[in-house]
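Let's take a walk through this protein together, one stop at a time. Have the model open and turn it as you read.

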Amino acid sequence: RRRPRGLRLPRGARAPWAEVTAFPPRRYLLCASGDFVKVYSVSTEETLRLMGGHADLVTGIQLNPHNHMQLYSSSLDGTIKLWDFMDGILIKTFTVGSKLLALYTLASVEDSVFAVIPKKGERDTFQLVSVKLTKGVGQDLEGKELSVVLDGVGASMKHIAFGREGAYVVSVKNVNLQVYFFKRKLLNRFSLSTLKTKGGDNRFSCVVCHPTEDCIATGHADGKIRLWRNFHHRKEYTYSTLHWHHDIVMDLAFSMEGTRLLSGGVESVLVQWHNESSCQKDFLPRLGSPIEYISMSSDGALCCTLHTDNRITIINSNLRFSRSIQGLIKSRDIKTGLVVDPRTKALVLNGEPGHLQFYSLQSDQQLFSLDIVQRQYIHETGLKQSDLVKVAFSARGTWLATVEESEEVTDPELQLKLWFYHEEAQSFELNTRINTPHDNHITDMCFRDMDELGDDSLILVTTGRDCVFKVWVMVEDSDPE
């Protein structure tokens, strides 16, 4: 077998799936997906394996540092599982008996992993513990021998990072940073100011450690990145500041050699910093939605970004877009309900604002996204904007009817649109736009359930809160009506 060089992400799509048995000798991408672990092909974007066995949300996945064909996963069900992800086989299950919120492995530690668990008897308080993985015969083993490493840590996996060669562990929470040195059993604590001055907000949002040097990078709520050094001393520590993001830094990642630092946030831009300088940086913009997580491949050739719209973007080391794996988009409100496209058998529903997503349940992939509203969506709270509320397909799926309305409750702006599927373009194209088809909200609509033999057989019925139903038929462009 060829040794896989895997990318891993903490959370990914939470959509249905289809199992594929072929394993091409290519790189793999591993991600947690609800209570499953998914294995994707980086080259084809296919779901190659779906590994199930956890009874609750999977909260962390880590490659076994002593066998890169194996994977550890942790879950809220209180278990750690060891998988052979090449064949999708569960090797061991270790029952910890406490909810696991994050998982970490170290190459320098053979028989233990690290996990974040709730502190007993205290609400919203968490601990970083070392979990001894019992050796024994059988698939189900106990993993209840725990040693507390740090108290008062954050619940997110982004709030803890392990330093160079596992010599120390760093934890961030609110405006406090802790560094624990394993050999010396020394704990250093550092605090930033809680005052919000000139728009600054010092609260920590994420932390990573340099792979070869004693350097800690932290992201903050005001968009700043701090690089900490000399933190072995409580009073003589230093930090420098990088600043480009205008809002919270959502994740950070060092390159394998440590010469580059990647950062992402709500701007949907991946920023690459060089040599700890604010002047030397590169950008990969227009990634579609805020970046939640960043992960590097073990050889440094690829990186991944996970986005709030449930999409994974695969990016080359030269900061060029490579591929995208789109999961089921988490829309704010599924106003259209669930509709099935008769032509492709895809599930159709609200996607990103103003769009319809066509999602294949068989291949566990988005087929395409159709921009219905065709207006720039502005991310601003309280702003009244148009959204997609109703969808209907004709019997063969060659015609699509959509209704969009503004968010005004009393006097909404209504638009009824008819779309025709063009085989050559392999897409729906707008055919007819009707402004104010009813005097009040449209409550439902459907096509006549017959095969479309011609335009004269196409009939659409709409009903509205104006106590009227209307029958729509197709006419020639030359018709004045």
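Start on the outside, with glycine 199: its relative accessible area is 69%, so the residue counts as exposed. You'll find glycine 199 in the loop that runs between β17 (186-191) and β18. Now look across to aspartate 222. Glycine 199 and aspartate 222 lie 23 residues apart in sequence, and their C-alpha atoms are 7.4 Å apart in space.

Before going further, a word on what you're looking at: this is a predicted model. What is the protein built from? It has 40 strands and zero helices. Of its 481 residues, 51% are buried. Its accessible surface comes to about 23200 Å², and carbon and sulfur atoms account for 48% of that. As for how the chain meets itself, take the contacts with a separation of 6 or more: 43% of them are between residues 24 or more positions apart.

From the loop at glycine 199, let's head inside. The largest nonpolar core has 16 residues, and those with the most contacts inside it are Tyr168, Val170, Leu177, Val179, Ile216, Trp228 and Phe231. Three strands, β15 (168-173), β16 (176-181) and β18 (204-209), each supply at least two residues of this core. Pick out tyrosine 168 and see what surrounds it. Leaving aside neighbours within four places in sequence, tyrosine 168 is in contact with a list of residues that includes Ala161, Phe162, Val179, Phe181, Cys209, Cys215 and Phe231.

Next, move along the chain to threonine 313, which sits in strand β28 (residues 311-316). Is threonine 313 buried or exposed? Its relative accessible area is 0%, so threonine 313 is buried. Its side chain has polar company all the same. One polar contact goes from the side chain of threonine 313 to the side chain of arginine 311, at 2.9 Å, and another to the side chain of histidine 307, at 3.2 Å. Setting aside residues up to four places away in sequence, threonine 313 touches Leu287, Cys303, Cys304, Thr305, His307, Phe321, Arg323 and Ser324.

Further on comes strand β35 (residues 399-406), and it's mostly covered: eight of its eight residues are buried. That goes for both faces. On one side are Trp399, Ala401, Val403 and Glu405, on the other Leu400, Thr402, Glu404 and Ser406, and all of them are buried. What does β35 pair with? Strand β34 (residues 386-393) runs antiparallel to β35, and seven bridges join the two. One of the matched pairs is aspartate 387 with glutamate 405 in β35. Together β34 and β35 form a hairpin with five residues between them, and in the turn glycine 397 has a positive phi of about 80°. There's a second partner too: seven bridges join β35 to strand β36 (residues 414-422), again running antiparallel. Here glutamate 404 has glutamine 415 in β36 as its bridge partner.

Our last stop is an open sheet of three strands, in the order β38-β39-β40, with antiparallel pairing. β38 (442-447) and β40 (469-473) stand at the edges; each has a single partner strand, so one side of each is left without a neighbour in the sheet. From one strand to the next, the twist averages 20°. If you're wondering what holds such strands side by side, strands of a sheet pair through backbone hydrogen bonds, either parallel or antiparallel. In this sheet, five bridges join β38 to strand β39 (residues 459-464), and isoleucine 442 has glycine 464 in β39 as its bridge partner.

Stay with β39 for one more residue, threonine 462. Its relative accessibility is 0%, so threonine 462 counts as buried. Two polar contacts reach out from its side chain: one to the side chain of histidine 438 at 2.7 Å, and one to the side chain of tryptophan 472 at 3.0 Å. Not counting residues up to four places away in sequence, threonine 462 also touches several others, among them Leu416, Asp444, Met445, Val468, Phe469 and Lys470.

Notes
Residues numbered from 1 in each chain as written. Predicted model: local features only at pLDDT ≥ 70, side-chain atom pairs only at ≥ 80, totals over all residues. Heavy atoms only, no water. Pairing = 2+ DSSP bridges. Helix = DSSP H or I, 4+ residues; strand = E, 2+ residues; numbered from the N terminus. Axes fitted to C-alpha atoms, helices over the stretch in contact; angles between N-to-C directions. Buried < 20%, exposed > 50% of the residue type's maximum accessible area, 1.4 Å probe, protein only. Polar contact = N/O pair within 3.5 Å; in protein donor to acceptor, adjacent residues only side chain to side chain. Contact = heavy atoms within 4.5 Å. Areas by Shrake-Rupley, 256 points an atom, 1.4 Å probe, with all protein chains shown as cover. Core = buried A, V, L, I, M, F, W, Y, C linked by side-chain atoms within 4.5 Å.
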